[in-house]
Amino acid sequence: MDQEVAKTLGELERKLLELERTLISINQADTSGGKGIAAAVSSRPPSGSRLIDEAIEVSSSPPSRAPQHAAFPRAVSSPTTGSMGRARAGETQPPGTEELLRFRERLERTAHDLTHDYDELLGRLSFAAMPTPTGPTISFARGAPSLDIIDVDGLRDAANRAFSSDPAGTTAYGTSVGYTRLRAWIADRHGVEPERVLVTNGSMQADAFLFEHLVRPEDEVIVERPTYDRTLLSLRQRGARLHAIELEPDGIDTEALARLLGGGSRAQPKLAHIIPNFQNPAGYTLSLEKRRALLALAADYGFLVFEDDPYVALRFSGESLPTMLSMDPDRVVYASSFSKTVCPGVRVGYLVGPVDLIGAVAQLATNTYISPSMVAQSIVYEFCASGAIDRSIETVKLALSERAKALASALRRELPAAEFIEPEGGYFMWVTLPSGTNVHDLHNAAAECGVTFVKGTDFLLEGGENTLRLAYSGVTPAQIDEGIARLANAYRSLA
């Protein structure tokens, strides 16, 4: 079985590299004013990737054994695919430049999605996707706890209680606002009325509902620089105009934001997306002073603060800070998740906000799926109500503290040129390498050495070619030591 999975992932990696080569060809052709684009697109990779072929034309060959992630159907079922397929089937009219440029944009989006999904997939495996001279791949890519710190027994007990204590509620459709007992537990945790809470299938779905309700094409949105790559993708797909404000070790640069709002640009944002605690990808925390300054700017300029806070409970050093929701409940929409404190597989997240906004988002949820998963939410409720979640959080925090210290020590020892700030909680560390480092080359060299990470450029609208994100949540201290040694070897190989 291990050999079959390794073979499949090896094929996926080959296809991803072919996709990247095709993009490079198209970009090179485009520098000549688009004259060579048709030739670049029609020149197929030497080994005949199904992924690339299907992005160009509908294939009649049998399905590949490669994992069919959501990124795959998006890449292969575009309306323009059919027209290009017909052209290849015998039409004499060649595809126009505009059509080929649209195809290039699809390829770019697919490359981003596949890179992210491939790294996450590698991170969930305990063996290498392809043989390496160093042994099993060590992944710093996944933002998830390793199995050894997940309370599997507690979850099993919670599931038994869910089906025995409330079989009707657990197995029913439920309502769009979520499992009512979990909704009430969350409301009590935040000191708000249940009507201000909506429970979703993971916090990313909460984000998506909120963006769908609030953000229209050309609406202005404030984001941190860097920020979570899926947030950037979601907002850009909705046509938002993004203002990326530099992230400092104590959070977003509120003085730069004030200059943007009050300057000649006259920016009028509808929303500011902020990850205040142990930010993904940087690991930084927004200071209390800056929380107050941000809320004051929101009040002065009339925008909402979207407090995206899945890591808040995972502080292992330093002093806890109040949520911005608690400081200004009418100006803040708050999101969090049980993926980081219980386990990612439960896919349970939630929103807290003004009653009218939550009601509007609940209507979107109704129209989307009638109700989220009552089984998952009922299990999470039993896990939380029994106190198991508090024990789980303590276990996770202890492991994260040990792993963050091991990562910092390994970087100082193996990569003294690296700059970083040790986080006080959460899953991630942001690393800056000397100017001139090409993180794309380093990513490829590291893969050959049996270690993977996420490139800093994935979290930025532009720049960041010498940065990377290291997730330490899913690796043991011993794996961290070995993984950073491999990363250092990869870095030195580029000199």
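Two strands are taken to pair if DSSP finds at least two bridges between them; helices (H or I, at least four residues) and strands (E, at least two) are DSSP runs, numbered from the N terminus. The structure is a predicted model, in which local features need pLDDT of at least 70 and side-chain atom pairs count only at pLDDT 80 or more, while totals for chains, interfaces and linings use all residues. Residues are numbered from 1 along each chain as its sequence is written, and side-chain values use heavy atoms, with hydrogens and water left out.

A good place to begin is strand β4 (residues 241–248), which pairs with β5 in the antiparallel sense over 2 bridges. Within this pair, Leu247 has Ile252 of β5 as its bridge partner. Both strands belong to an open sheet of 8 strands with mixed pairing, ordered β2-β9-β8-β7-β6-β3-β4-β5. Its edges are β2 (197–200) and β5 (251–252), each of which pairs on one side only. Helix α9 (residues 180–190) packs on this sheet and touches β2, β8 (332–337) and β9 (349–352), where contact means heavy atoms within 4.5 Å. The direction of α9 makes about 125° with that of β2; axes are lines fitted to C-alpha atoms, for helices over the stretch in contact, and angles run from 0 to 180 degrees between N-to-C directions.

Helix α10 lies across β2, β6 (269–274), β7 (304–308), β8 and β9, and runs at about 165° to β7. Helix α10 (residues 203–214) also packs against helix α15 (residues 355–369), at an angle of about 110° and with the axes 10 Å apart. The two helices are therefore roughly perpendicular, a label given to angles of 65 to 115 degrees. Among the residues in contact are Phe209 and Leu210 of α10 and Val361 and Leu364 of α15.

A second open sheet has 3 strands in the order β10-β13-β12, with antiparallel pairing. Its edge strands are β10 (428–432) and β12 (454–455). Strand β10 is joined to β13 (residues 467–471) by 5 bridges, and Trp430 has Arg469 in β13 as its bridge partner. Helix α17 (residues 388–414) packs on this sheet, touching β10 and β13, at about 15° to the direction of β10.

The interior can be described next. A nonpolar core is a set of buried (under 20% relative accessible area, 1.4 Å probe, protein chains only) Ala, Val, Leu, Ile, Met, Phe, Trp, Tyr and Cys residues joined through side-chain atoms within 4.5 Å. The largest has 51 residues, of which Leu182, Val305 and Phe338 touch the most other members. Helix α16 (residues 374–385) gives the most to this core, with 7 residues. Apart from it lies another core, of 43 residues, including Leu407 and Phe428.

Methods:
Angles under 35 degrees count as roughly parallel, over 145 as roughly antiparallel, 65 to 115 as roughly perpendicular and the rest as oblique. Buried means under 20% relative accessible area, exposed over 50%, partly exposed in between (1.4 Å probe, protein chains only).
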